[in-house]
Amino acid sequence: MKERQQIEQVYRQMYQAMVEKDVETLNALHADNFVLIHMTGMHQNKQEYIQAIANGALNYYEAAHEDMDITVDGDEAILVGRSRVTAAVFGGGRHTWRLQLYFTLRKTGGRWQFTSSKASTY
């Protein structure tokens with residue numbers, strides 16, 4: 001499988017794991033130093049982010065992927081993913097957002113992992 005296809009697969013697996021609250025898969029897909037910057041500017045490290053999914057602070061119901069722009073440079077990559085995401089976050093009601101995530105990734109041990117992400121809308 002080519003690098004771009006592997007990265008696209010990792011993106012899809014991440015969303016499926018978020019919906020299923022699959023902590024094991026989320027841990028495998030995110031590097032230990034992963035940081036997420038939410039639309040509000042709030043920063044969460046890997047453990048805080050995964051714990052928020054596990055405990056229901058971040059509830060994801062579905063994601064329809066519209067576009068993935070992937071640039072690969074050796075063992076590093078950038079992915080800009082655009083998806084319509086239905087979620088209820090931090091006590092708010094269930095809504096569908098046009099969510100854009102700007103990811104950096106690194107390939108370690110033959111496996112792509114997310115190292116950072118910044119969320120916005122599109």
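Biologist: Hi! What is the relative accessible area of Glu66?

Modeller: Glu66 comes out at 41%, which makes it partly exposed. Buried means under 20% relative accessible area, exposed is over 50%, and partly exposed is in between, using a 1.4 Å probe and protein chains only.

Biologist: Good. Anything I should know about the model itself?

Modeller: This is a predicted model: local features need pLDDT of at least 70 and side-chain atom pairs count only at pLDDT 80 or more, while totals for chains, interfaces and linings use all residues. Residues are numbered from 1 along each chain as its sequence is written, and side-chain values use heavy atoms, with hydrogens and water left out.

Biologist: Back to Glu66, then. Which side chain meets Glu66 in a salt bridge?

Modeller: Arg84 does, at 2.6 Å from N to O. Glu66 sits in strand β3 (residues 58-73) and Arg84 in strand β4 (residues 76-89), so this pair ties together parts 18 residues apart in sequence. Arg84 is partly exposed too, at 35% relative accessibility. For salt bridges the rule is a side-chain nitrogen of Lys or Arg within 4 Å of a carboxyl oxygen of Asp or Glu, and helices (H or I, at least four residues) and strands (E, at least two) are DSSP runs numbered from the N terminus.

Biologist: How many salt bridges does that rule give?

Modeller: The count is 6. One of them joins the side chains of Glu3 and Lys107 at 3.0 Å, N to O. Glu3 belongs to helix α1 (residues 3-20) and Lys107 to strand β5 (residues 95-108), so the pair links parts that are 104 residues apart in sequence. Glu3 is partly exposed at 28% relative accessibility.

Biologist: And what does Glu76 pair with?

Modeller: Glu76 forms a salt bridge with Arg106, 3.2 Å from N to O. Glu76 is in β4 and Arg106 in β5, so parts 30 residues apart in sequence are tied together. Both ends are partly exposed: Glu76 has 42% relative accessibility, and Arg106 has 41%.

Biologist: Changing topic: what about Thr115, buried or exposed?

Modeller: Thr115 is buried, at 18% relative accessible area. You'll find Thr115 in strand β6 (residues 111-121).

Biologist: Which side chain shares a polar contact with Thr115?

Modeller: That would be Thr104, at 2.6 Å. A polar contact is a pair of N or O atoms within 3.5 Å; within protein, one must be able to donate a hydrogen and the other to accept it, and residues adjacent in sequence count only if both atoms are side-chain atoms.

Biologist: What else does Thr115 touch?

Modeller: Leaving out residues up to four places away in sequence, the neighbours of Thr115 include Ala31, Asn33, Phe34, Val35 and Arg106. Contact here means heavy atoms within 4.5 Å.

Biologist: So how do β5 and β6 run, parallel or antiparallel?

Modeller: They run antiparallel, joined by 10 bridges. Two strands pair if DSSP finds at least two bridges between them. Tyr102 has Lys118 in β6 as its bridge partner. β5 and β6 form a hairpin with 2 residues between them, and Gly109 in the turn has a positive phi of about 60°.

Biologist: Which strand is joined to β6 in parallel?

Modeller: β1 (residues 30-37), through 4 bridges. Leu36 stands opposite Ser117 in β6, and Ile37 has Lys118 as its bridge partner there.

Biologist: And β1 with β2, what's the sense of that pairing?

Modeller: Antiparallel, over 3 bridges, with β2 covering residues 43-45. Leu36 faces Gln44 in β2. These two strands make a hairpin with 5 residues between them, where Gly41 in the turn has a positive phi of about 95°.

Biologist: Zooming out, how many helices and strands are there?

Modeller: There are 3 helices and 6 strands, in the order α-α-β-β-α-β-β-β-β along the sequence. The radius of gyration is 13 Å, close to the 14 Å that the globule rule gives for 122 residues, so the protein is as compact as a globular protein of that length. That radius is taken over C-alpha atoms, and the globule rule is 2.2 Å times the number of residues to the power 0.38.

Biologist: What does the C-alpha trace span?

Modeller: About 40 × 25 × 25 Å along its principal axes. Of the 122 residues, 38% count as buried. Among contacts between residues at least 6 apart in sequence, 51% join residues at least 24 apart.
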